[in-house]
Amino acid sequence: MDKYRNIAELKQNEREDEDYTILYRELPSKITIMAPHGGGIEPGSIDIADYLAGCDYTFYAFKGLKKTGNKILHVNSNTFDEPIALKAAKNADIVISIHGAKDKSEIVHIGGTNQELKQTMMNALRSAGFDAMISEIPGLRGIKPENICNRCKTRKGVQLEISRGLRETLFENLQHRSLRKKTIVFYQFVKVLKESLLLFLRKI
């Protein structure tokens with residue numbers, strides 16, 4: 001169970017720019033890429049979201065800054081109501097949220113309500129040699145309308161839960177921010193996501 005039910009409750013007990021901070025880069029784009037559990041909460045998720053967004057898509061992240069105990073800052077995606085995140089979602093046709101799952105196998109659990117984009121991303125990842133599946137695991141499906149990934153204009157977003165095992169191949173020293181380095185697999189992985197998103201956008 002998360003300690004805080006929503007962001008308002010979290011803000012009553014945690015200090016912005018000391019315990020957490022918000023990163024936001026707004027672009028004239030129909031796509032928003034988010035990492036709502038970034039920094040020490042789900043390590044590596046911000047790096048992936050930031051690189052995927054690049055100069056093409058709006059980027060948002062909620063980043064845990066504590067030296068230890070960042071997990072306390074995890075607010076469920078279905079109740080994640082940080083105002084800038086809600087604005088970024090509402091301005092977008094599609095939100096893609098990047099998360100870190102706990103499992104030690106190397107896999108991407110793909111959730112959300114955008115069935116076509118989920119399928120496109122899964123096929124692309126598998127073709128590139130990554131293990132990916134459309135998730136039926138409770139808590140990783142991302143199908144509730146309140147989920148931050150589905151708060152976009154179309155109400156159809158995608159949630160990518162990237163396992164601990166896979167993130168440890170994407171980064172050296174995943175757990176240590178100051179020592180963390182992107183590996184060649186990181187660039188291959190994000191390139192596949194970028195290309196699959198472009199492929200999807202050409203179809204619509």
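**Exercise 1. Place Gly142 in its surroundings and decide whether Gly142 is buried or exposed.**

Step 1. Start with the contacts, where contact means heavy atoms within 4.5 Å. Leaving out residues up to four places away in sequence, Gly142 touches Gly112, Thr113, Asn147, Cys149, Asn150 and Gln159.

Step 2. Before going on, a word on the model and its numbering: this is a predicted model, in which local features need pLDDT of at least 70 and side-chain atom pairs count only at pLDDT 80 or more, while totals for chains, interfaces and linings use all residues. Residues are numbered from 1 along each chain as its sequence is written, and side-chain values use heavy atoms, with hydrogens and water left out.

Step 3. Now find the element. Gly142 sits in the loop between strand S6 (132-134) and S7; helices (H or I, at least four residues) and strands (E, at least two) are DSSP runs, numbered from the N terminus.

Step 4. Check the accessibility. Buried means under 20% relative accessible area, exposed over 50%, and partly exposed in between (1.4 Å probe, protein chains only). Gly142 has 10% relative accessibility, so Gly142 counts as buried.

Step 5. Add a distance. Gly142 and Val158 are 16 residues apart along the chain, and their C-alpha atoms are separated by 7.6 Å.

**Exercise 2. Work out how strand S7 is covered, and which strands pair with S7.**

Step 1. Count the buried residues. In S7 (residues 158-163), 6 of the 6 residues are buried, so the strand is largely enclosed by the rest of the structure.

Step 2. Split the strand by face. Val158, Leu160 and Ile162 lie on one side, Gln159, Glu161 and Ser163 on the other, and all of them are buried.

Step 3. Look for partners; two strands pair if DSSP finds at least two bridges between them. Strand S4 (residues 94-101) runs parallel to S7, with 6 bridges, and Ala101 stands opposite Ser163. Strand S5 (residues 108-112) is antiparallel to S7, with 5 bridges, and there His109 stands opposite Glu161.

**Exercise 3. Do the same for strand S3: how many of its residues are buried, and which strands join S3?**

Step 1. Of the 7 residues of S3 (residues 58-64), 6 are buried, so this strand too is largely enclosed by the rest of the structure.

Step 2. S1 and S3 run antiparallel and share 6 bridges. Strand S2 (residues 31-39) and S3 run parallel, also joined by 6 bridges.

Step 3. Try Gly64 as a landmark. Gly64 is the bridge partner of Tyr20, and Gly64 is also the bridge partner of Gly39.

**Exercise 4. Contrast two acidic residues, Glu18 and Asp47, by location, accessibility and side-chain partner.**

Step 1. Glu18 is in the loop between helix H1 (7-13) and strand S1 (20-25). Asp47 belongs to helix H2 (residues 45-53).

Step 2. With a relative accessible area of 48%, Glu18 is partly exposed; Asp47, at 9%, is buried.

Step 3. For partners, use polar contacts (a pair of N or O atoms within 3.5 Å; within protein, one must be able to donate a hydrogen and the other to accept it, and residues adjacent in sequence count only if both atoms are side-chain atoms). The side chain of Glu18 meets that of Arg15 at 3.1 Å, and the side chain of Asp47 meets that of Arg177 at 3.2 Å.

Step 4. Complete the neighbourhoods. Glu18 and Lys66 are 48 residues apart in sequence, with 7.3 Å between their C-alpha atoms. Beyond four places in sequence, the contacts of Asp47 are Phe171, Arg177, Arg180, Lys182 and Phe186.

**Exercise 5. Find the nonpolar cores and say which residues have the most contacts inside the largest one.**

Step 1. A nonpolar core is a set of buried Ala, Val, Leu, Ile, Met, Phe, Trp, Tyr and Cys residues joined through side-chain atoms within 4.5 Å. The largest has 36 residues, and Ile96 and Phe189 have the most contacts inside it. Helix H6 (residues 184-203) gives this core its largest share, 7 residues.

Step 2. Follow Phe189: outside its neighbours within four places in sequence, its contacts are Ile48, Val108, Leu125, Phe130, Ile162, Leu166 and Leu170. A second, separate core of 21 residues includes Tyr4, Ile22, Ala88 and Val95.
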